[in-house]
Amino acid sequence: MPELPEVEALAGFLGERLKGHTVATVRPLAVSVLKTYDPPLDALEGRTVTDVRRHGKFLALTADGGDGGADGAPLHLVIHLARAGWLRWREEFPAAPPRPGKGPLALRLRLAGPDGAPGAGFDLTEAGTQKRLAVYCVREPSEVPGVARLGPDPLDPDLTPEAFAALLRRERRQVKGVLRDQSVIAGIGNAYSDEILHAARMSPFKLAAALTDDEARALHTTVVDTLRRAVEQSRDLAAGEVKAGKRAGMRVHGRAGQPCPVCGDTVREVSYRDSALQYCPTCQTGGKLLADRRLSRLLK
């Protein structure tokens, strides 16, 4: 699933290509993708893209008031790529129109080119059968429930080490789950929570509320450093290269059975119903192996 660094990279990539250009057409091609109906999606057509921003794991494209809004207010196309969604930039599109409901294509946005000619744009695609990719056309990003419930952004300077520690003190849950909870901290998912906890040398099963002030401050530093480094690694990549760049940068996530790059111990895994975490016993749990979540006692 794309997380904060990848979505930040996509926001930058799209901002360079969309800002100042007019939306010619935007079409949903999968029944499940569009989650709103008022304003209609085609209200974006004829408007000029003025901004592209990230809200947690959400992308938000802003289009000016144009002729489509009675009050001249901008509209926002908000995208959540979910687990299997992705964005593909196209300088040119196939001559044949896409067939709704066929293949992984979920939405197509096309810009107006010079002199009204067809321009570039992007496709949203989603692999697999679990259709969770979501698109919203709204007057404010906060109208999207997932955006409205977001906690503070970990790269926001206002989330100081003290504020971060205060968040953790309220959470009598495993720190792994707290880092992934978008209503507590926005943008961190399964992959980067594994990477953060490995870099912090902390058990994913440790209770967040049990962290000392020093541990909480150190974890805050690791969160910021890990995410900033990943953002920088992703920033100069084309949209089609970001996923591969993310996988290449992982030290423990997705590397169960491989040697830890820090100590050489074998990276281990704890499986859940629909996900898994990876960790290094030597670096994070004092050599102890974590059993299945349903059977394990929390490690202190």
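**Exercise 1. In which sense do β2 and strand β3 (residues 58-63) pair, and over how many bridges?**

*Solution.* The model is a predicted one, in which local features need pLDDT of at least 70, side-chain atom pairs count only at pLDDT 80 or more, and totals for chains, interfaces and linings use all residues. Residues are numbered from 1 along each chain as its sequence is written, and side-chain values use heavy atoms, with hydrogens and water left out.

Step 1. Strands are DSSP runs of E with at least two residues, helices are runs of H or I with at least four, and both are numbered from the N terminus. Two strands pair if DSSP finds at least two bridges between them.

Step 2. β2 and β3 are antiparallel and share six bridges. Within this pair, Val49 stands opposite Ala63 in β3.

Step 3. The pair belongs to an open sheet of four strands, ordered β2-β3-β4-β8 with antiparallel pairing. Its edge strands, β2 (49-55) and β8 (134-138), each pair on one side only. From one strand to the next, the twist averages 15°.

Step 4. Helix α1 (residues 4-18) packs on this sheet and touches β2 and β3; the direction of α1 makes about 175° with that of β2. Contact means heavy atoms within 4.5 Å. Axes are lines fitted to C-alpha atoms, for helices over the stretch in contact, and angles run from 0 to 180 degrees between N-to-C directions.

**Exercise 2. Determine the strand order and the edges of the sheet that contains β5.**

*Solution.* Step 1. The order in this open sheet of four strands is β1-β6-β7-β5, and the pairing is antiparallel.

Step 2. β1 (23-28) and β5 are the edge strands; each has a single partner strand, so one side of each lacks a neighbour in the sheet.

Step 3. At one edge, β1 is joined to strand β6 (residues 105-112) by five bridges, the two running antiparallel. Pro28 stands opposite Leu107 in β6.

Step 4. At the other edge, six bridges connect β5 with strand β7 (residues 118-126) in antiparallel fashion. Arg90 has Gly121 in β7 as its bridge partner.

Step 5. Strand β5 (residues 85-90) is mostly covered, with five of its six residues buried (under 20% relative accessible area, 1.4 Å probe, protein chains only). Helix α1 lies across β5, β6 and β7, at about 25° to β5.

**Exercise 3. Describe how helix α6 packs against α3 and against α1.**

*Solution.* Step 1. Two packed helices are described by the angle between their axes and the distance between the axes.

Step 2. Helix α3 (residues 161-169) and helix α6 (residues 213-235) pack at about 115°, their axes 9 Å apart. They are therefore roughly perpendicular; angles under 35 degrees count as roughly parallel, over 145 as roughly antiparallel, 65 to 115 as roughly perpendicular and the rest as oblique.

Step 3. Among the residues in this contact are Phe164 and Leu168 in α3, and Leu219 and Val223 in α6. The contact of α3 with α6 divides into seven nonpolar, one polar and three charged residues. Ala, Val, Leu, Ile, Met, Phe, Trp, Tyr, Cys and Pro count as nonpolar, Asp, Glu, Lys and Arg as charged, and the others, Gly among them, as polar.

Step 4. α1 and α6 pack at about 40°, with axes 8 Å apart. These two helices are therefore oblique to each other.

Step 5. Leu4, Pro5, Glu6, Glu8 and Ala9 in α1 meet Leu227, Ala230, Val231, Ser234 and Arg235 in α6. By class, this contact has six nonpolar, one polar and three charged residues.

Conventions: Buried means under 20% relative accessible area, exposed over 50%, partly exposed in between (1.4 Å probe, protein chains only).
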